[in-house]
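Trainee: Got a minute to go through a structure with me? I'd like to hear how you would read it.

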Amino acid sequence: WNLYVEQAGLYQISLRRWPREADTPIAASLPPYQGVDGTLPAGVALPVATARVKIGDFDARKPLNPGDKAVIFDLRLPAGPAQLQTWFYDSGGREICGAFFVEVSRK
């Protein structure tokens, strides 16, 4: 995603596979779901073990616990344009997909 950081400061980036309101772990399956933005088709379980986020000079990974619904990263960002990238990996370090839902908030 291409972003513009309005103010330098401490931010929190939350990576999810399912919408927050689905209240479902990242690695879990999800039956067809009526969300606030429309209907999602059924989704299968994925062996997600690690999440990664890269934005500017920040590049970090975090392991997932089986019930994790989001992976949260705290970081400092300078003001200005930035490019955000996300990944989910399996236990062997193979890329599965990126995060489908990302929330960025200033702390």
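**V53 and its surroundings**

Mentor: Sure, let's start with V53: beyond its neighbours within four places in sequence, V53 is in contact with I13, L15, F58, D59, A60, F73, L84, Q85, T86 and W87. Keep in mind that this is a predicted model.

Trainee: Which element holds V53?

Mentor: V53 sits in strand 5.

Trainee: And is V53 buried or exposed?

Mentor: V53 counts as buried, because its relative accessibility is 0% and the cut-off for buried is under 20%.

Trainee: How far is V53 from P41 in space?

Mentor: Their C-alpha atoms are separated by 26 Å, and V53 and P41 are twelve residues apart along the chain.

Trainee: OK, stepping back. How many helices and strands does the chain have?

Mentor: Zero helices and ten strands. Along the sequence the pattern is simply β-β-β-β-β-β-β-β-β-β.

Trainee: Then how compact is the chain, going by its radius of gyration?

Mentor: The radius of gyration is 14 Å, close to the 13 Å that the globule rule gives for 107 residues, so the chain is as compact as a globular protein of that length. The C-alpha trace spans about 40 × 35 × 20 Å along its principal axes.

Trainee: What share of the residues is buried?

Mentor: Of the 107 residues, 36% count as buried. On the outside, the chain exposes about 6300 Å², and carbon and sulfur atoms supply 52% of that area.

Trainee: What about contacts between residues far apart in sequence?

Mentor: Take the contacts between residues at least 6 apart in sequence: 63% of those join residues at least 24 apart.

Trainee: Let's go inside. Which residues have the most contacts within the largest nonpolar core?

Mentor: I13, L15, A51, I55, F73 and F88, in a core of 20 residues. Strand 2 (9-16), strand 5 (50-55), strand 7 (71-77) and strand 8 (80-89) each supply at least two residues of this core.

Trainee: Which strand gives the largest share?

Mentor: Strand 7, with four residues.

Trainee: You listed I13 there. What does I13 touch?

Mentor: Leaving out residues up to four places away in sequence, I13 touches V53, I55, V71, I72, F73, L75, L84, V102, E103 and V104. So V53 turns up again among the contacts of I13, just as I13 does among those of V53.

Trainee: Switching to loops. Where is Q7?

Mentor: Q7 is in the loop between strand 1 (2-5) and strand 2. With a relative accessible area of 44%, Q7 is partly exposed.

Trainee: And what does Q7 touch?

Mentor: Not counting residues up to four places away in sequence, Q7 touches L77, A79 and R106. The C-alpha atoms of Q7 and E21 are separated by 28 Å, with their positions 14 residues apart along the chain.

Trainee: What's the story with the phi of D23?

Mentor: D23 is not a glycine, yet its phi is positive, about 50 degrees. Most residues other than glycine have a negative phi. D23 is in the loop between strand 2 and strand 3 (33-35).

Trainee: What else lies in the loop between strand 2 and strand 3?

Mentor: P31 is one of the residues there. P31 counts as exposed because its relative accessibility is 52% and the exposed class is over 50%. P31 and P41 are ten residues apart in sequence and 7.1 Å apart in space, C-alpha to C-alpha.

Trainee: One more loop: where does F100 sit?

Mentor: F100 is in the loop between strand 9 (95-97) and strand 10 (101-106). F100 counts as exposed, at 51% relative accessibility. Beyond its neighbours within four places in sequence, F100 is in contact with R16 and R17.

Trainee: How far is F100 from W87?

Mentor: The C-alpha atoms of F100 and W87 are separated by 9.7 Å, and the two are 13 residues apart along the chain.

Trainee: Last thing: how far apart are the mean positions of the positive and negative charges?

Mentor: They are 4 Å apart, taken over 12 positive and 11 negative charges.

Terms used. Residues numbered from 1 in each chain as written. Predicted model: local features only at pLDDT ≥ 70, side-chain atom pairs only at ≥ 80, totals over all residues. Heavy atoms only, no water. Rg over C-alpha atoms; globule rule 2.2 N^0.38 Å. Buried < 20%, exposed > 50% of the residue type's maximum accessible area, 1.4 Å probe, protein only. Contact = heavy atoms within 4.5 Å. Areas by Shrake-Rupley, 256 points an atom, 1.4 Å probe, with all protein chains shown as cover. Lys, Arg positive; Asp, Glu negative; His and termini not counted. Charge placed at Lys NZ, Arg CZ, Asp CG, Glu CD. Core = buried A, V, L, I, M, F, W, Y, C linked by side-chain atoms within 4.5 Å.
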